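Below is a colleague's note on the structure, set out as numbered points. Please read it with the sequence and the coordinates open.

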Amino acid sequence: MGKYHGTSSTVLRPRTTKEVSEIVKYCNEKRIGIVPQGGNTGLVGGSVPTGRGELVVSLGSMNKVRHFDPVSGMCTLVADAGCVLQSLTDYLAPHNHIMPVEFGAKGSCMIGGNCATNAGGVRLLRYGSLHGTVLGLEVVLPDGTILDQLTTLRKDNTGYDLKQLFIGSEGTLGIITGVSILTPPAPQASSNALLALPSFDSVLPLFKRAKRELSEILSAFEFIDRGAYDLSVRHGQGRGMSPEEAGGAECFVLIETSGGRREHDEEKLSDLLEHLLSEDKPLINTGVLSQDATQFSNIWSLREGITEAVSKEGKAYKYDISIPLSAFKEVVDATKDRLREKGLLGPHAVKEVVGYGHIGDGNLHLNVVAAAYTSEIEAALEPFVYELVGKYKGSISAEHGLGVMKAHALHYSKNGISIEWMRRIKDLFDPNGIMNPGKVLPPASGASHEPSLKNTGSGRVA
Ligand code: MLT
Ligand code: ZN
């Protein structure tokens, strides 16, 4: 995104958990801050040093699969944190299993980072969040101790489930070095379709219809507004439909089915399309059903390529929010109105305001694409967007985390007591404040939780 820049004198690339432990122990003794880094694909600056003299600990050299048992029926993969998500998907393919998570960034993001940020993605609708699919973690704690909870047990009801604390803690409580995760059986057949909708009002009824008619085979239901669709097409991120087919559509929906019998599943999806098109007041203008693997991935590329298209178009202010589905359009429109009022809408300032995301999870990605990052635009957007989310009792971060971008805004989604207990947990695990300082928690008044760290000098890292 080019939004966050950090400096650090040193990047360390440990190859074993023991090496990570030694690094952390040393840094804790010397009060040196550490920024754990996976694939560096986060969108909130969580993996970037913040000028407190931090060292970067990159997990990329810890990239081995430790164990996979395809026979026992548990189907659990145990892997080093630095394994790239796509490489794990490739590893599982011959065993007919898949990873329970999938992101546009799959070619570079790493499983440890996925867990540390509790990343959501397009499979959450079907397989749930990492809080459910991760069975165990190995974590190096801020004093260098190795917490080995790399269990493969499906059921383990013995006291506090400590691993949950590290899922989504964005490296502020320790460094995840190993992950044990459930790998669902690969669906025998997957199909998808891209539907063009006359207006946003059709989205919710369409979602209800898709759930009712496709039931257990519905595996993704993604929303793309017109602006996001056009951006993705303009920057060559996959092909959806012809300009004639897209016509005057206000928005688009990508539906994916995954099931056990190709013919049966394809029939269900094409029946749905047929029913929708033959109604008096159709919910869709038209729909394109993928006919082969190339079309299937072209449709997905169109959706997954939006992030890259946005970055190619300009500088993006990205908001990743949970709000009621009915409010998706309202929020995009209200943001446009706000920028218009401030005289900031146009090629000189904000070029596009687009919305896309995971309808099935109530998660909207609101992206404001500007010619350049400016304090004027930021002041128009923040706290405006956070207040809007607060009005709907939503979340200011549905799946991207808080990082450095949203730490100060935590109070829009969590009350004072919750934040206080988060601070206590941070202090308990990391009393010297060495783990990913400046991320997740807002600066405390009195700032006892952020002790001064030794500055190790600077050298630029991207
Ligand atoms: C997505 O759903 O495409 C990702 O969360 C990335 C993004 O929001 O840009
Ligand atoms: Zn997303």
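**Confidence and local points**

1. In this predicted model, pLDDT stays under 50 over residues 458–462, and the model has 17 contacts for this stretch beyond four places in sequence. Averaged over the chain, pLDDT is 94, and 97% of the residues reach 70 or more. Any reading of residues 458–462 should keep the pLDDT of under 50 in view.

2. Which residues surround ligand 1? The shell consists of L43, R303, T307, K318, Y356, H358, H365, E399 and H400. By class, these residues divide into two nonpolar, four polar and three charged.

3. Polar atoms of three side chains can be listed against oxygen atoms of ligand 1. For R303, an N or O atom of the side chain is 2.7 Å from an oxygen atom of the ligand. For E399 the corresponding distance is 2.9 Å, and for H365 it is 3.0 Å. Of the 270 Å² of accessible area that ligand 1 has on its own, the protein covers 85%.

4. N363 lies in strand β16, which spans residues 363–370. Is N363 buried or exposed? Its relative accessibility is 3%, so N363 counts as buried. The side chain of N363 reaches the backbone oxygen of I321 at 3.3 Å. Leaving out residues up to four places away in sequence, N363 touches D320, I321, F328, Y356, G357, H358, A398 and E399. Y356, H358 and E399 also appear among the residues that surround ligand 1.

5. A327 is in the loop between β14 (315–322) and α13 (328–341). With a relative accessibility of 2%, A327 counts as buried, because the limit for that class is under 20%. The C-alpha atoms of A327 and G362 are 9.7 Å apart, while the two residues are 35 apart in sequence.

6. N436 belongs to the loop between α16 (416–429) and β17 (460–461). The strand at the far end of this loop, β17 (460–461), falls in the stretch 458–462, where pLDDT stays under 50. N436 itself has 2% relative accessibility and therefore counts as buried. A polar atom of its side chain lies 3.0 Å from the backbone oxygen of G46. Not counting residues up to four places away in sequence, N436 touches I34, V35, P36, G46, E170, G171 and T172.

7. L214 lies in helix α7, residues 203–214. Its relative accessible area is 0%, so L214 is buried. Beyond four places in sequence, L214 touches R209, I255, T257, K268, L269 and L272. For a long-range reference, the C-alpha atoms of L214 and L12 are separated by 49 Å, with their positions 202 residues apart along the chain.

8. V65 lies in strand β5, residues 65–68. Where does V65 stand between buried and exposed? V65 has a relative accessible area of 28%, so it is partly exposed: the class lies between under 20% for buried and over 50% for exposed. Apart from neighbours within four places in sequence, V65 is in contact with L77, V78, A79, C83, L88 and Y91. V65 and G314 are 249 residues apart along the chain, and their C-alpha atoms are separated by 38 Å.

9. Backbone geometry gives three places to check. E382 and P383 are joined by a cis peptide bond, with omega about 10°. P383 is in the loop between α14 (375–381) and α15 (384–391).

10. The other two places concern phi. N40 is not a glycine, yet its phi is positive, at about 60°. N40 sits in the loop between β3 (34–37) and β4 (55–58), and its relative accessible area of 34% makes it partly exposed. N118, also a residue other than glycine, has a positive phi near 50°. The loop that holds N118 runs between α3 (111–116) and α4 (124–127).

Terms used
Residues numbered from 1 in each chain as written. Chains lettered and ligands numbered in written order. Predicted model: local features only at pLDDT ≥ 70, side-chain atom pairs only at ≥ 80, totals over all residues. Heavy atoms only, no water. pLDDT = per-residue confidence, 0-100. Contact = heavy atoms within 4.5 Å. Near = heavy atom within 4 Å. Polar contact = N/O pair within 3.5 Å; in protein donor to acceptor, adjacent residues only side chain to side chain. Areas by Shrake-Rupley, 256 points an atom, 1.4 Å probe, with all protein chains shown as cover. Nonpolar A, V, L, I, M, F, W, Y, C, P; charged D, E, K, R; others polar. Helix = DSSP H or I, 4+ residues; strand = E, 2+ residues; numbered from the N terminus. Buried < 20%, exposed > 50% of the residue type's maximum accessible area, 1.4 Å probe, protein only.
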